[in-house]
Amino acid sequence: MSTILTAIAAAPSPSPSVVPDVDVTPGVAGFVAIAVVAVVTILLVVDMTRRIRRTRYRAEIRQRLESDAGDGTTTDEPVRRADEDGRTDVGDDTERG
């Protein structure tokens with residue numbers, strides 16, 4: 001048994017080998033994968049923001065229609081408001097530019 005221990009103790013330990021950086025870094029494939037994930041994430045966030053905003057606007061319009069229906073007044077003309085400057089606003093912001 002001592003001969004086995006002596007043989008193991010006498011065997012040289014392997015020296016640490018130096019691995020080239022090219023074998024360790026992700027390279028071009030890793031960069032492309034991360035770039036694709038980043039672009040997809042940005043597109044998803046933009047789409048989610050748009051959908052949340054659209055849902056909020058629909059809820060506001062539904063609430064306005066329900067409150068107008070409860071008043072018993074139905075008009076086809078847009079609501080006109082006068083600003084501090086005396087200008088009138090039709091309440092529709094989609095045509096401003």
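**Figure 1. Arginine 56 on the surface of helix H3.** Arginine 56 is partly exposed in this predicted model. Its relative accessible area is 47%. The residue sits in helix H3. Arginine 56 belongs to a surface patch of positive charge. The other members of that patch are Arg50, Arg53, Arg54, Arg58 and Arg62. Arginine 56 qualifies for a patch because its 47% relative accessible area lies over the 30% cut-off.

**Figure 2. The salt bridge between aspartate 47 and arginine 51.** How many salt bridges does the structure hold? The structure has one. Aspartate 47 and arginine 51 form a salt bridge through their side chains. The N to O distance is 2.9 Å. Side chains of opposite charge can pair when their charged atoms come close. Both aspartate 47 and arginine 51 belong to helix H3, which spans residues 27-71. They are four residues apart, about one turn of the helix. Is aspartate 47 buried or partly exposed? Aspartate 47 is partly exposed, because its relative accessibility is 28%.

**Figure 3. A nonpolar surface patch that includes leucine 44.** Six residues are shown: Val28, Phe31, Val32, Val36, Val40 and Leu44. Together they make a nonpolar patch of about 600 Å² on the surface. Leucine 44 lies in helix H3. Its relative accessibility is 53%, so leucine 44 counts as exposed.

**Figure 4. Helices and strands along the chain.** The chain has three helices and two strands. Read from the N terminus, the order is α-α-α-β-β. Which elements mark the two ends of the confidence range? H3 has the highest mean pLDDT among the elements, at 93. Strand S2, residues 88-89, has the lowest, at 54. Where pLDDT is low, the predicted coordinates should not be read in detail.

**Figure 5. The surface and confidence of the whole chain.** The chain has 97 residues, and 1% of them count as buried. Its accessible surface is about 9500 Å². Carbon and sulfur atoms account for 60% of that surface. The average pLDDT of the chain is 77. A score of at least 70 is reached by 62% of the residues.

Definitions and conventions. Residues numbered from 1 in each chain as written. Predicted model: local features only at pLDDT ≥ 70, side-chain atom pairs only at ≥ 80, totals over all residues. Heavy atoms only, no water. Salt bridge = Lys/Arg side-chain N within 4 Å of Asp/Glu carboxyl O. Buried < 20%, exposed > 50% of the residue type's maximum accessible area, 1.4 Å probe, protein only. Patch = residues over 30% accessible without salt bridge, like charges linked within 9 Å, V, L, I, M, F, W, Y side chains within 5 Å. Areas by Shrake-Rupley, 256 points an atom, 1.4 Å probe, with all protein chains shown as cover. Lys, Arg positive; Asp, Glu negative; His and termini not counted. Charge placed at Lys NZ, Arg CZ, Asp CG, Glu CD. pLDDT = per-residue confidence, 0-100.
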